[in-house]
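Work through the following exercises with the sequence and the model side by side. Each task is followed by a solution in steps.

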Amino acid sequence: MSGGVVWMPANGRAGPSTANDDNTDEALAYLVAAAGGDVDIELIGAFVGDARRVADQIEQRTPIQWEALEHWPDYRGELPGAKTGGRSLWPRSLRLQPEVEARVQAAFDQPSPTQPGTAPAPANDGVVLRGHVRGRALVGGLLAALLDAGVEIRTGARATRLEVEDSEVVGVNVDGHVERGRVILASGGFQHDPGLVDEYLRGPPLVPMGTAGCIGDGLRMTGTVDAVLGNTSEGWWMPAIHVPGEEVEGVAHYRPLHGERAQPGAIMVDRTGRRFVDEAQNYGDVGRAMRSAGSGAPPYQGAPCWLVFDAAYRGRYPVGPLEPGAPDPPWLLRAERLSELAQLMGMPWGTLETSVTRFNAGAAVGTDPDFGRGTFPYDRWIGDPSAPHPTLAPLCEAPFYALEVHLGCMGTKGGPRTDTRGRVLSSRRVPVVGLYAAGNAAASPFGTATAAGGATLGPALVFGFRAGEAAAGDP
């Protein structure tokens, strides 16, 4: 379900471009500038300082070989220390034995952007994972290395309770059976548990994305050891759409609304018909804008909201699974006039018409006076380089279209706080002996920031690696 991109700043793999020559000081400056809210500077420093070593170790210990995405920019390119590419990596195509590949869940409509110059793995027996299945290649490469090392991988095994003796974690209860040893929580977040979402995230309604197993088991287990929690009100936000009938593992599937927002000839409006965001900025910040649109209190105006576009856009750009030229599906609203479209959307037609008219006036001369769309490096990168302006064009050509956009949560950012080695901290800010956490099961040190492509998986790999080392080496 992942695109397989990992953000590893100062990774030593940037190409000859001097713009992408990177170092840990610049990476740290960028993250400090981008982060807000519940931020842990010490952990951020540990991440940027160890990313290259962990990337190297993964290449040495697994079949994975990294490819630097030279043209994939940091998401806040206007900030100090940002780079135009090279910090995000993904696995090169690799070949796995069929019995290993068969254990990795099939990718569900999760294409990765094309990276020029990608070569396939050498021809020999096995299954090649490449192209749109970079996430499968990442999982498959890690899995192959574990199996080669003799690690037992159990699926369908639910961990529900920590075993604690004298305030130390000595094991975990798995399906009623106690497995003794040190415990690393890497069970993901809690976006698929409505009760935990209501308790911690609150705000406007959201739709859960990612694997259905992210139901907060790790968070619940830490309650038995007086763990201190952090960043529990934040998530990895993503505007999302739903095609009726699409499911994964019996749960409604929500597709990321990624590049569609940024192409010329489309805008996003709230439930009243007003624009409220630079649609072309990174998905995390668009999601945060959806959460805070209007007053940020009920009735929520930005979640869900609408993507509105015209016939010229419809004839040129894909929207989710819908290709240009394909018949209009029932889940896409269509009308010959904006006033009719507003009626279908359930909003005052005058407000929508005013929003479109104002946007069109600026777009016609290549500006967005309200939100600065197209003035930021990321906006221009994700737009259409072949268009007269990469992300701005008036909405003029009938018919007009609208698509409902939900506030998606790809994962939550909250959980137990950890030290720089992944040890879970108690309310007294001392490590809980025998307990470690990484990934979305732990408190993200980034606060509100979505720094770049792979900003979830990069820290998950680094702190997962460090937690494993600590669990193996602690006295």
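**Exercise 1. Find the residue of E7 that is the bridge partner of arginine 161, and place the pair in its sheet.**

Solution. In strand E7, asparagine 173 is the bridge partner of arginine 161; strands here are DSSP runs of E with at least two residues, and helices are runs of H or I with at least four, each numbered from the N terminus. The model is a predicted one, in which local features need pLDDT of at least 70 and side-chain atom pairs count only at pLDDT 80 or more, while totals for chains, interfaces and linings use all residues. Residues are numbered from 1 along each chain as its sequence is written, and side-chain values use heavy atoms, with hydrogens and water left out.

Next, E6 and E7 (residues 168–174) run antiparallel and are joined by six bridges, where pairing requires at least two DSSP bridges between two strands. The open sheet has three strands in the order E6-E7-E8, with antiparallel pairing. Strand E6 (159–165) and strand E8 (177–180) each have a single partner strand and stand at the edges, so one side of each lacks a neighbour in the sheet.

**Exercise 2. Describe how the axes of H2 and H12 cross, and which residues make the contact.**

Solution. The axes of helix H2 (residues 41–61) and helix H12 (residues 457–473) come within 8 Å and cross at roughly 80°; axes are lines fitted to C-alpha atoms over the stretch in contact, with angles from 0 to 180 degrees between N-to-C directions. H2 is therefore roughly perpendicular to H12, a label given to angles of 65 to 115 degrees, whereas those under 35 count as roughly parallel, those over 145 as roughly antiparallel and the rest as oblique. The contact (heavy atoms within 4.5 Å) includes Leu43, Phe47 and Ile58 of H2 and Leu461, Phe463 and Phe465 of H12.

**Exercise 3. Characterise the largest cavity by its volume and its lining.**

Solution. The largest cavity holds about 160 Å³ of space. A cavity is a set of points on a 1 Å grid over the protein atoms alone where a 1.4 Å probe fits but cannot get out, and lining residues have an atom within 4 Å of a point; grid points are joined across faces, edges and corners, and the volume is the space filled by probe spheres set on them. Of the 18 lining residues, Gly439, Ala443, Ser444, Pro445 and Pro459 are the closest to the centre of this cavity. Helix H12 supplies the largest share of the lining, three residues.

How values were computed: 1 Å grid on protein atoms, 1.4 Å probe; cavity = no way out; pocket = protein on both sides within 12 Å on 5 of 7 lines; lining within 4 Å. Nonpolar A, V, L, I, M, F, W, Y, C, P; charged D, E, K, R; others polar.
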